[in-house]
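Q: I have a model open and want to learn how to read its features. Can we go through them one at a time?

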Amino acid sequence: MLEMTDVAVSRDLLIRGGNGADTFNMTGGTVGRNARVRARDGDNTTSVDGTTIGRRLHVIGGAGVDALNLSNHARVTGRVEFEAQGGETNCAISDVTTGDFSLSSHVGSADISLLSSTFQGNVRIGTGAGEDRLNIKDSMFQGTTFISTGSDNDTVLIEDRLTMPGSGGSSFLPRPIKTRFIGACIIRLGTGDDQLGVAFKGSAGVAFGVAKLSGGAGSDLIRYSSIDTSSYSQFEHVNVIND
Ligand SMILES: [Ca+2]
Ligand SMILES: [Ca+2]
Ligand SMILES: [Ca+2]
């Protein structure tokens, strides 16, 4: 276990784990340029809570569980790269601003949540084999977003905060949409029986510019709410390919 609290690193930070279980927690503080974590084998968790990183955060896992948590107004000016290897992958991002974001995982399930965050650059998520789950909520994607969940039965949910109940009780007041894909959004679910849900169960809706949603081979379920009202998802152009 390595803990860093309110530490200011003027240039680069490199953390190397061993082959056991490694936990690295960074709370507050700053890194002037790049922060790099090589976690190696074993069950590893890297947490960044409220830290500002001037350029890039690069986390490389090994065999075993790889987990990355970013939270509490952490800010990465350049890019976040998470290269998980074999085994289970967990990634929780909440209240974070970053430029680009990339995540790659391989065999083993991945559980990813992107909540209340802003991605100012391009986002690329590839989760490969294994039953993967991706939940996006209340977040802004300013560049191009590419999501590929690979083989096996995967689930992708894209939501917004709930609408508020109206004074009449049963009706719901529309609220401004927070989950927006400003650049193109391409989602490929790959082989397997996959599910993609956009803005269900009282969600305020999700706004897309250009969306290309592909189920891939298998028995897939792609569901999205009605188009073109203030309280439902808005698509300028959507192309659903269920092949
Ligand atoms: Ca998969
Ligand atoms: Ca799949
Ligand atoms: Ca499929």
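Q: In which strand is Asn 239 found?
A: A caution comes before the reply: this is a predicted model. Asn 239 sits in strand β28, which covers residues 234-241.

Q: Is Asn 239 buried or exposed?
A: Count C-beta neighbours. A residue with 12 or fewer within 10 Å is exposed. Asn 239 has 11 inside 10 Å, so it counts as exposed.

Q: How far is Asn 239 from Ala 211 in space?
A: Their C-alpha atoms are 6.3 Å apart, while 28 residues separate them in sequence.

Q: What secondary structure makes up the chain?
A: Strands: the chain has 28 of them and zero helices.

Q: How do strands join into a sheet?
A: They pair through backbone hydrogen bonds, in a parallel or antiparallel sense. In this model, ten strands form an open sheet with parallel pairing. The order is β1-β4-β7-β10-β12-β14-β17-β20-β25-β27. At the edges are β1 (2-5) and β27, each of which pairs on one side only. Neighbouring strands of the sheet are turned by 5° against each other on average, direction ignored.

Q: How many bridges link β17 and β20?
A: Five, in the parallel sense; β17 spans residues 133-137. Within β20, Leu 157 stands opposite Asn 135.

Q: Which residues can I follow from β20 across to β27?
A: Start with Ile 158, whose bridge partner in β25 is Val 198. Then Val 198 has Tyr 224 as its bridge partner in β27. Four bridges join the parallel strands β20 and β25. Four bridges also join β25 to β27 (residues 221-224), again parallel.

Q: Which side chains of β25 point to the buried face?
A: Leu 196 and Val 198 do. The side chains alternate along β25 (residues 195-198), and Gln 195 and Gly 197 point to the other face and are not buried.

Q: What share of the chain is buried?
A: Buried residues are 37% of the 243 in the chain. The largest nonpolar core has 49 residues. Leu 57, Phe 82, Ile 112, Val 156, Ile 187 and Val 206 touch the most other members. Strand β26 (residues 206-214) gives the most to this core, with five residues.

Q: What share of the contacts is between residues 24 or more positions apart?
A: Such pairs account for 35% of the contacts with a separation of 6 or more.

Q: Where does Leu 162 lie?
A: Leu 162 is in the loop between β20 (155-159) and β21 (164-165). It has 12 other C-beta atoms within 10 Å, so it is exposed. Its C-alpha atom is separated by 9.4 Å from that of Ala 199, which is 37 residues away along the chain.

Q: What sign does phi have in most residues?
A: Negative, for most residues other than glycine. Asp 6 is a case with a positive value, near 50°. Asp 95 also has a positive phi, about 60°, although it is not a glycine.

Q: Where do Asp 6 and Asp 95 lie?
A: In loops. Asp 6 is between β1 and β2 (8-9). Asp 95 is between β12 (89-94) and β13 (97-104).

Q: How many C-beta neighbours does Asp 95 have inside 10 Å?
A: Asp 95 has 17, so it counts as partly exposed. Asp 6 has 11 other C-beta atoms within 10 Å, so Asp 6 is exposed.

Note on methods: Residues are numbered from 1 along each chain as its sequence is written. Chains are lettered from A and ligands numbered from 1 in the order in which they are written. This is a predicted model: local features need pLDDT of at least 70, side-chain atom pairs count only at pLDDT 80 or more; totals for chains, interfaces and linings use all residues. Helices (H or I, at least four residues) and strands (E, at least two) are DSSP runs, numbered from the N terminus. A residue is buried if 20 or more other C-beta atoms lie within 10 Å of its own, exposed if 12 or fewer, and partly exposed in between; C-beta atoms are placed from the backbone. Two strands pair if DSSP finds at least two bridges between them. Axes are lines fitted to C-alpha atoms, for helices over the stretch in contact, and angles run from 0 to 180 degrees between N-to-C directions. Two residues are in contact if their C-beta atoms, placed from the backbone, lie within 7 Å. A nonpolar core is a set of buried Ala, Val, Leu, Ile, Met, Phe, Trp, Tyr and Cys residues joined through C-beta atoms within 7 Å.
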